[in-house]
Structure formats: structure tokens, C-alpha cells
Amino acid sequence: MEFSENLGKWSFFPVVLLSFLYPVNNNMLILAIPLFFYREGVSTEFIGLLSAGTTFTYTISPILLSKLSQKLPRKTSLIIALFGTLLAQIIFYFTLNPIPFLISRFSEGFIMGLYWTNLQSSISDNIYHNHKKLAARYNISWNLGVIAGFWLGASLTYIYNSLIPIFMIAPIIIFITLLIALIYFQEPKKISIDSLEKSTLDQGQREEFQKNEYKLKEQEIKQIKFPKMYPVLLIISFSLTRATINFIFPIKSDMLGFGTYTIYIALFFFALAQSITMYLAGIVSTRYVKYPPMIMSLILALLIWILGINENYYIFIFLFLILGSCTGIIYGFSLRLVLILNMKNQTSIYSGILESVIGVSFLIAPISSGFIANINLNLPFYILSLLLAGISFTLLGIINKKIQV
């Protein structure tokens, strides 16, 4: 373990576990919700509402709760978020009626505003942590959670030929996550650029810091300049793509006669490709932050259009491998930029904004897709494709004028 992680005896491994387990829970549910309620005869408009349930409140909760996050210890915030989520998901044991289900998802979305912001901020709390490596580990862990969630969903639906076990197991995973937060999560020692000189570190520790080859130096942070809109547009491209596919693809697959477990398997390949490229984007030099994300957004625009045309299962898998590679690169770079903003301004507010932008996108995409799908099921893909093309050209304009790395 690096010296910086030994400082304050802080272990990053609990962060890895926490960022892994919640996506396992969420990505089992994210496909089960549209499939289950579609088979129950609920309209696509209301299914869109149910699919976007958590994001209704999550769009604003990271920002509304940001001051609370600054005052509370990271561990306390995580425990509150997980305990609230556990209470919300216990309702699955009693009913899967659309109205109580929607209320529980509203509640979960609001309280989770304390979760991801604090996990991300635990990485940037200490200026001398190896942020590039820790951010890469963080990205790979939640992506592995996404993969595991799809794989577990595929296994359960293959064994039981029912979606009910997914709703029963989901709260158990949250309970395990809560126990890990209670027992193992540790507060990171908070050291910022400005606070270092005022800290109580002895001379030997300061000299050790200076020799630490992994530290992120002050000048390395300050030399990177970019408009705040740049990571926002990247996150919009990422989250609109994921949210639209997660909502439309299960319904389209069901209409095409694909087995339930095969739907999970197809998106497993999406998540697998995304996890690999997100890790790579997290460790490469920041000089690559300019053109690759814009190119990936343009590729997304083309392939999303093809998703609307295609009806072959194996072509879906091939497309998802490429789409996942693109979204991984886009998110990997955007998270690094957000962490840089946090460190420059000694705050966690930008992590809150990042999560709120994701929340807004995951809110808008399924609701609008639910209404548009009543006209034509593939139309949401075509509209998203045009929107991504517009974002790509906007990114190109920003890159040429305002980014310095």
C-alpha cells in the first residue's frame, strides 16, 4: 500500500466493495423493472416513470444534500444512504404494485444523494493520494458491479424463469453493503493544497511526501484548464445512452422473443467492454482528454441509429461491445476532470453536480422514451442518435478553443 494510503491508516478497499455492491443491486433491477411491468400490462408511459423512479429525486438530492455531506463524516453519510435504501427496497417483499413501488424508488433516489458523492469525494479528500490509480480502481469496481448485476440477473431468470427472485434478493445485497460500510469503511485523512502547510505533519512526513512518486502535485492540477461544460456534456452523452438502452432494449427484446436471461447476457457484454475502457481512460495521460471522448460520442451517434434498425441478437452483442467501449472512455475521462475540479476548489460540489447530471439524464431518457415508444419503439434510438451527433460537434468546438492540457 502506498505511503499516502498509510497516512491515517486509511484503506481504499472498503470503497471498492461499496462501489461494487450497489451496482449489483441496481443493475439487476434496471432490466427487471421494464420487463416485469411490461408483462403485467402496464403502459409504456408509466413503465418509463417506474424505470426513472429513483432519478426523479436523485436529480436534485446530491446538490441539496451537498452541504450535509460537507458537515457529516463520509462514513455517516454512507450509512444513512444505505439504511434509507434498505428501508425503501424492503417494500419489494410485500408488493410489486406500481404505486408503492414508485414511492419506494422516489425515496431511494433522494437518500442516495449522499452515497456516490461521498464515495467519489473520499478519493479527492487527500491531495497526496494517487488519484489516477484510485479513480481507476473506483471505476473498475463499480463497472464490475454492473457486470455482476447483469450476470446474477441472467442466472436467476435462467434458473427460476421468473423476475420475482430478483426483487427478493435486491434488498439482501443492500443489507450486506450496509454492514460493510458500518464495519470497514474508514474516514480518509483530509489534506488539501492550502491546508498542507497548516497541518501538524512532522518534517519527516513532509519529506516523505516530496519523495512520493505517486502524488498529484499542485502544478499538475493547475496546468489543466477546461470549461466546466466539457465534462457535463460528456456525462450527458454517457448517461443518455445508458438510460435509453436500459429502457428500450429489454422491451424490444421481449417483443422479438428473446429469452429473459439472454437480455441480461447481452448487456453483460456492454458492461464488460465499458469496464475495460473506463479503467484505461482512468490511467492514461490527461493529454488524451481532448479528442478521444468527442470521437467516442460521434461513434455512439452512429451505432445508436443501427440499434434501431437491427433485430438480430448476435449483432446486438457486437454493437454493445463497441458501445460499451465508447461509454467507458467518455465516463473515465469525465470523472477525472470532475475530481480535478474538486481538488482545485477544495470541495465535493462537482461530484454532486456530476451525479445530478446523471440523474437528470436517467430521468429524462426513460420517461420521454416511454411516450415516444408509443409512436414507434425504435424512434427513441433515432432521436438519441441525432442528439449525440449534436453534442459531438459542440464538443469539437469546445476542444479547439478552450481546453489546455
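**View 1. Helices α2 and α14 sit oblique to each other.** Oblique is the leftover class, once angles under 35 degrees (roughly parallel), over 145 (roughly antiparallel) and 65 to 115 (roughly perpendicular) are taken out. This is a predicted model, with local features needing pLDDT of at least 70 and side-chain atom pairs counting only at pLDDT 80 or more, while totals for chains, interfaces and linings use all residues. Residues are numbered from 1 along each chain as its sequence is written, and side-chain values use heavy atoms, leaving out hydrogens and water. α2 covers residues 13-39 and α14 covers residues 229-256; they pack at about 45°, with axes 10 Å apart. Those axes are lines fitted to C-alpha atoms over the stretch in contact, and the angle, on a scale from 0 to 180 degrees, is taken between N-to-C directions. Helices here are DSSP runs (H or I, at least four residues), strands are E runs of at least two, and both are numbered from the N terminus.

**View 2. Here is who meets whom between α2 and α14.** From α2 come N27, I30, L31, P34, L35, Y38 and R39, and from α14 come R242, N246, F247, P250, I251, D254 and M255. Contact just means heavy atoms within 4.5 Å. Sorted by class, that makes nine nonpolar, two polar and three charged residues. Nonpolar covers Ala, Val, Leu, Ile, Met, Phe, Trp, Tyr, Cys and Pro; charged covers Asp, Glu, Lys and Arg; the others, Gly among them, are polar. α2 passes α14 in a right-handed crossing, meaning that the near helix is turned clockwise from the far one by less than a right angle (anticlockwise would be left-handed).

**View 3. α2 also packs against α15.** The angle is about 145° this time, and the axes lie 11 Å apart. This crossing is right-handed. On the α2 side you'll find N27, M28, L31, A32, L35 and R39, which meet T260, I263, Y264 and L267 of α15. The class count for this contact is seven nonpolar, two polar and one charged.

**View 4. Zoom in on two residues of α2, L29 and I30.** L29 is buried at 0% relative accessibility, and I30 counts as buried at 17%. (Buried is under 20% relative accessible area, exposed is over 50%, and partly exposed is in between, with a 1.4 Å probe and protein chains only.) Skipping residues up to four places away in sequence, L29 touches Q89, F92, R105, I166, F167 and A170. The L29 and A170 C-alpha atoms are 7.6 Å apart, although 141 residues separate them along the chain. I30, under the same kind of skip of up to four places, touches F150, N246 and F362. The C-alpha of I30 lies 7.0 Å from that of S51, which is 21 residues away along the chain.

**View 5. Y22 and Y115 form a tilted aromatic pair.** It belongs to a set of 25 aromatic pairs in the structure. Rings of Phe, Tyr and Trp (its six-membered ring) pair up if their centres lie within 6.5 Å; planes under 30 degrees apart are stacked, over 60 edge-to-face, and the rest tilted. For Y22 and Y115 the centres are 5.7 Å apart and the planes meet at 50°. Y22 sits in α2 and Y115 in α9 (residues 115-124), so to speak a link between distant parts of the chain, 93 residues apart. Both rings belong to buried residues: Y22 has a relative accessible area of 7%, and Y115 has 0%.

**View 6. Y158 and Y261 form an edge-to-face pair.** Here the centres are 5.0 Å apart, with 75° between the planes. Y158 is in α10 (residues 131-160) and Y261 in α15 (residues 260-283), so the pair ties together parts 103 residues apart in sequence. Y158 is exposed at 57%, while Y261 is partly exposed at 33%.

**View 7. Seven aromatic residues make one cluster: F249, F258, F270, Y313, Y314, F316 and F320.**

**View 8. S385 lies in helix α19, residues 379-402.** S385 is buried, with 6% relative accessibility. Leaving out neighbours within four places in sequence, S385 is in contact with A301, L302, I304 and W305.

**View 9. Stepping back, the chain has 19 helices and zero strands.** Of its 405 residues, 58% count as buried. Among contacts between residues at least 6 apart in sequence, 88% join residues at least 24 apart.
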